[in-house]
Amino acid sequence: MAEPRPEDWGEPPSLVRLAGLLVVGEGLAGAALAIRSMTRPPNGSSALELVVAATAPALLAIAAGAALYRGRWWPRTPVTITQILLAPLAVANTFSTPLGLLPLITVALILIGLYSPPSNRWMNHAYDLTPPPAPMPFRLGGNQIE
């Protein structure tokens, strides 16, 4: 059976598109931090190592956010895992700076956008778990074999 195409599911809910935009924003923030660290590397680390370590996840976040915005279903799992990993950092950051609440709000909005009821209904099309119709029973002689 061929995999259903996203075009067949209709437009994604606005919450999925908002989550995609927020994930792209997280990726851009990560890329900005990577560029900033290139000019001022922390003590004891190489600028190149830090840029590679920070740029790869930022680019993946940008790609996943753009795919979510376009209505693809595959980025839901990597984005969820990323948000779960970012949540403790966001909570720790809320106590250190007045703007620390912004990452926590972003993480919450992304998870709400990905797991709201309209998003779940839309995502179910990718997995269409409705059972197929029951096969006709086989009859041999006058006996019915199922």
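This is a tour of a predicted model, taken one selection at a time.

**Whole chain**

Start with the full protein in cartoon view, where 5 helices and 2 strands can be picked out. Followed along the sequence, they run in the pattern α-α-α-α-α-β-β. The protein has 146 residues, and buried ones make up 26% of them. Switch on the surface: its accessible area comes to about 10000 Å², and carbon and sulfur atoms account for 70% of that. For contacts between residues at least 6 apart in sequence, 68% join residues at least 24 apart.

**Helix H1**

Next select residues 14–39, which form helix H1. This helix has 26 residues, and the distance from its first C-alpha to its last is 38 Å, close to the 38 Å expected at 1.5 Å a residue. Colour its buried residues: Val16, Ala19, Gly20, Val23, Val24, Glu26, Gly27, Ala34 and Ser37. When looking down the axis, keep in mind that an α-helix has 3.6 residues a turn, so residues three or four places apart point the same way.

**The largest nonpolar core**

Keep H1 in view and add the side chains of the largest nonpolar core, which has 11 residues. The set to select is Val16, Ala19, Val23, Ala61, Ala64, Leu68, Val79, Ile110, Leu114, Trp122 and Met123. At least two residues of this core come from each of H1, H2 (47–70), H4 (101–115) and H5 (117–127). Centre on Ala19: beyond residues up to four places away in sequence, Ala19 touches Ile110 and Leu114.

**Leu22**

Move along H1 to Leu22, which also lies in this helix. Is Leu22 buried, partly exposed or exposed? Its relative accessibility is 22%, so Leu22 counts as partly exposed, given that buried means under 20%. With neighbours within four places in sequence set aside, Leu22 is in contact with Thr106, Leu109 and Ile110. Now measure from Leu22 to Tyr69: the two are 47 residues apart in sequence, and their C-alpha atoms are 9.7 Å apart in space.

**Glu26**

Stay in helix H1 and select Glu26. Which residues does Glu26 touch, not counting those up to four places away in sequence? They are Gln83, Leu86, Thr106, Val107 and Ile110. Ile110 is worth leaving on screen, as it is also among the contacts of Ala19 and of Leu22. Glu26 is buried yet has no salt bridge. The nearest side chain of opposite charge is that of Arg76, 15 Å away.

**The salt bridge**

How many salt bridges does a search of the whole structure find? The search finds 1. To see a salt bridge, select Glu11 and Arg17, whose side chains meet at 2.4 Å, N to O. Turn the surface back on to compare the partners. Glu11 is exposed, with a relative accessible area of 60%, whereas Arg17 is partly exposed at 22%.

**Helix H3**

Finish with residues 76–94, helix H3, and pick Thr77 within it. With a relative accessible area of 49%, Thr77 is partly exposed, because the exposed class begins over 50%. Draw a distance from the C-alpha of Thr77 to that of Ala64: the value is 9.9 Å, for residues 13 apart along the chain. Ala64 belongs to the largest nonpolar core, which brings the view back to the earlier selection.

How values were computed: Residues are numbered from 1 along each chain as its sequence is written. This is a predicted model: local features need pLDDT of at least 70, side-chain atom pairs count only at pLDDT 80 or more; totals for chains, interfaces and linings use all residues. Side-chain values use heavy atoms; hydrogens and water are left out. A nonpolar core is a set of buried Ala, Val, Leu, Ile, Met, Phe, Trp, Tyr and Cys residues joined through side-chain atoms within 4.5 Å. Buried means under 20% relative accessible area, exposed over 50%, partly exposed in between (1.4 Å probe, protein chains only). Helices (H or I, at least four residues) and strands (E, at least two) are DSSP runs, numbered from the N terminus. Contact means heavy atoms within 4.5 Å. The expected span of a helix is 1.5 Å times one less than its number of residues. Accessible areas come from the Shrake-Rupley method with a 1.4 Å probe; for residues, only the protein chains shown count as cover. Lys and Arg count as positive and Asp and Glu as negative; His and the chain ends are not counted. A salt bridge is a side-chain nitrogen of Lys or Arg within 4 Å of a carboxyl oxygen of Asp or Glu.
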